[in-house]
Amino acid sequence: MSIRCSHLAIALGAALSSSALFGLTTRLAAQTTGIDPALMAEIRRIRAIDNHSHPPRLIAQGEKDDEFDALPCDPLEPTPAGLTTRPENPQYLAAWQELWGYKYADRAPDHVRKVVAAKARARAAHGDEYPSWVLDRIGIDVQLSNRIAMGRGLDDAHHRWVPFDDALIFPLDNGALAAQTPDRKFFFSREDMLRARYMKALGAAELPATLAEYTSRVVTPTLEAQKKRGAIAIKFEAAYLRSLDFGTASPEDASAIYARYARGGSDTVQYRHLQDYLFHYVASEAGRLGLPVHIHTGAGCGSYFYLAGANPVLLEQVLNDATLRKTTFVLLHAGAVAYAPAIAYLVMKPNVYADISQQTWMESPQHLATSLRYWLEWFPEKVLFGTDLWPTGTPELDWEEIGWQTNDTARRALGIALTGMMRDG
């Protein structure tokens with residue numbers, strides 16, 4: 001399945017008023033002031049393709065699932081939540097009512113316990129079909145699932161796998177990079193473990209001595225194995241590990257750097273050139289295999305995140321590389337928070353798309369509608385829907401509610417944006 005979705009209509013879906021005080025679905029549905037009613041009704045009927053999500057697998061009592069992200073944010077130093085992402089967002093009350101039959105306009109502990117109990121009953125009733133049942137209730141047909149590996153409840157037609165491949169471009173000693181911030185110390189430990197896992201699956205006991213051996217015996221076989229196991233795209237979270245300004249490096253220089261440090265030691269400046277080369281290599285191989293490359297852009301989790309390094313404009317050298325025009329790139333989160341306007345120009349390139357995931361969680365429908373209208377007035381067929389849903393670990397507000405809220409925000413924002421465009425001719 002290609003994610004070159006011209007499915008803007010399929011991908012962006014149904015509604016809620018940001019002015020709602022109580023968050024009840026019936027009240028929210030009635031508050032459609034400013035949105036064309038017929039248009040909103042049509043948007044509510046759309047079955048969506050979610051271009052970006054982090055769904056959990058179903059687990060038994062005592063099991064743990066930490067494979068919903070290569071770089072999970074939960075272990076990081078806590079940071080305050082923005083207003084839209086706080087539990088008191090009235091959209092979550094609406095989610096409870098629509099998903100679980102919640103009958104209250106408050107968050108009284110006794111009432112909230114009924115939400116948790118209703119979820120438990122639904123999980124028991126639907127078994128391995130529970131994740132797909134929830135997606136159906138939300139209005140999502142296909143979910144591109146960013147995970148290290150799929151698992152129970154995710155191996156059906158509603159879920160498509162997008163694995164992580166940052167570990168492949170950081171093969172050397174990452175100690176100096178890990179020392180840059182506490183967050184990166186944790187993140188690089190995860191990347192080192194993931195690369196070791198990939199190599200073990202290939203029967204590679206240690207890092208090959210030469211770059212040519214590394215790319216031919218580790219990188220390419222890993223990508224080919226991912227595609228064989230059902231991957232329809234690959235994912236980079238490089239902005240958590242370094243800036244996105246990937247340059248060019250000759251095979252000769254990259255090979256010399258790799259050979260110099262493959263058995264230990266490091267030089268961060270030279271290592272960066274090797275990363276540049278390997279990113280280009282992975283992107284090129286992904287293009288050969290028909291795997292779009294998804295790249296995190298814009299805001300990220302953690303108080304040590306370098307926002308300037310996540311500017312999608314930094315990817316221009318990659319996106320303008322004529323040797324990579326057979327590779328499809330998807331700019332995840334559309335430069336969330338700081339860089340959204342640049343997206344309209346970047347997706348002009350024939351092999352570049354963007355999705356609105358994360359923005360659907362962090363922004364109100366009205367604010368998102370402003371950016372969405374701007375993008376739609378440029379290249380509407382290049383804009384993809386996404387929830388960025390993930391497991392929070394909080395029973396009453398978990399991935400199900402995040403999925404409902406983000407899907408709802410996108411549909412409302414689309415209604416606002418398109419109504420304005422219609423009225424303006």
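Guide: A charge sits over a ring if NZ of Lys or CZ of Arg is within 6 Å of the ring centre and within 35 degrees of the ring normal. Keep in mind that this is a predicted model.

Visitor: What makes arginine 242 a charge that sits over the ring of phenylalanine 246?

Guide: The charged end of arginine 242 is 4.1 Å from the centre of the phenylalanine 246 ring. The limit is 6 Å, so the distance part of the rule is met. The charged end also sits over the ring, as the angle part of the rule requires.

Visitor: Where does lysine 382 lie in relation to tyrosine 353?

Guide: Lysine 382 lies over the face of the tyrosine 353 ring, 4.8 Å from the ring centre. That value, too, is set against the 6 Å limit and falls within it.

Visitor: How many aromatic pairs does the structure hold?

Guide: There are 16 aromatic pairs. One of them joins tryptophan 100 and tryptophan 133.

Visitor: Why is the pair of tryptophan 100 and tryptophan 133 called tilted?

Guide: The ring centres are 6.1 Å apart, and the planes meet at 40°. Rings pair if their centres lie within 6.5 Å, so the distance qualifies. Planes under 30 degrees apart would be stacked and planes over 60 edge-to-face, so 40° leaves the word tilted. The two residues are 33 residues apart in the chain, with tryptophan 100 in helix 4 (residues 90-100) and tryptophan 133 in helix 6.

Visitor: Why is the pair of tyrosine 102 and tyrosine 104 called edge-to-face?

Guide: The planes of tyrosine 102 and tyrosine 104 stand at 75°, with the ring centres 5.2 Å apart. The angle is over 60 degrees, so the pair is edge-to-face.

Visitor: Which residues are linked into a cluster by ring pairs?

Guide: The cluster contains Trp100, Tyr130, Trp133 and Trp399.

Visitor: Why is tryptophan 100 called buried?

Guide: The relative accessible area of tryptophan 100 is 13%. Buried means under 20%, so tryptophan 100 is buried. Tyrosine 102, at 4%, is buried by the same rule.

Visitor: Why does tyrosine 104 count as partly exposed?

Guide: Tyrosine 104 has 22% relative accessibility. Buried requires under 20% and exposed requires over 50%, so tyrosine 104 counts as partly exposed.

Visitor: What makes strand 5 largely enclosed by the rest of the structure?

Guide: Six of the six residues of strand 5 are buried, so the strand is largely enclosed.

Visitor: How do you know that strand 5 pairs with strand 4 and with strand 6?

Guide: Two strands pair if at least two bridges are found between them. Strand 5 (residues 293-298) and strand 6 (residues 329-336) have five bridges, in the parallel sense. Strand 4 and strand 5 have three bridges, also parallel. Both counts satisfy the rule, so both are pairs. Histidine 294 shows the arrangement: lysine 235 stands opposite histidine 294, and in strand 6 the bridge partner of histidine 294 is valine 330. Glycine 298 has alanine 336 as its bridge partner in strand 6.

Visitor: In what order do the five strands of the open sheet stand?

Guide: The order is 4-5-6-7-8, with parallel pairing. Strand 4 (234-236) and strand 8 (383-384) each have a single partner strand, so one side of each is left without a neighbour in the sheet.

Visitor: What is the volume of the largest pocket, and which residues are the closest to its centre?

Guide: The largest pocket has a volume of about 1,200 Å³. Of its 39 lining residues, the closest to the centre are Cys73, Thr79, Cys301, Trp361 and Trp390. By class, the lining has 18 nonpolar, 13 polar and eight charged residues.

Visitor: How many cavities of 30 Å³ or more are there?

Guide: There are two. The largest cavity holds about 70 Å³ of space, and its lining includes Cys301. The second largest cavity has a volume of about 60 Å³.

Visitor: What makes a cavity distinct from a pocket?

Guide: A 1.4 Å probe fits in a cavity but cannot get out, whereas a pocket is open.

Visitor: Which helix gives the largest share of the lining of the second largest cavity?

Guide: Helix 11 does, with three residues. Phe246, the residue under the charged end of arginine 242, is among the residues that line the second largest cavity.

Notes:
Residues are numbered from 1 along each chain as its sequence is written. This is a predicted model: local features need pLDDT of at least 70, side-chain atom pairs count only at pLDDT 80 or more; totals for chains, interfaces and linings use all residues. Side-chain values use heavy atoms; hydrogens and water are left out. On a 1 Å grid over the protein atoms alone, a cavity is a set of points where a 1.4 Å probe fits but cannot get out, and a pocket is an open set with protein on both sides within 12 Å along at least five of seven lines; lining residues have an atom within 4 Å of a point. Grid points are joined across faces, edges and corners, and a volume is the space filled by probe spheres set on the points. Ala, Val, Leu, Ile, Met, Phe, Trp, Tyr, Cys and Pro count as nonpolar, Asp, Glu, Lys and Arg as charged, and the others, Gly among them, as polar. Helices (H or I, at least four residues) and strands (E, at least two) are DSSP runs, numbered from the N terminus. Rings of Phe, Tyr and Trp (its six-membered ring) pair if their centres lie within 6.5 Å; planes under 30 degrees apart count as stacked, over 60 as edge-to-face and the rest as tilted. Buried means under 20% relative accessible area, exposed over 50%, partly exposed in between (1.4 Å probe, protein chains only).
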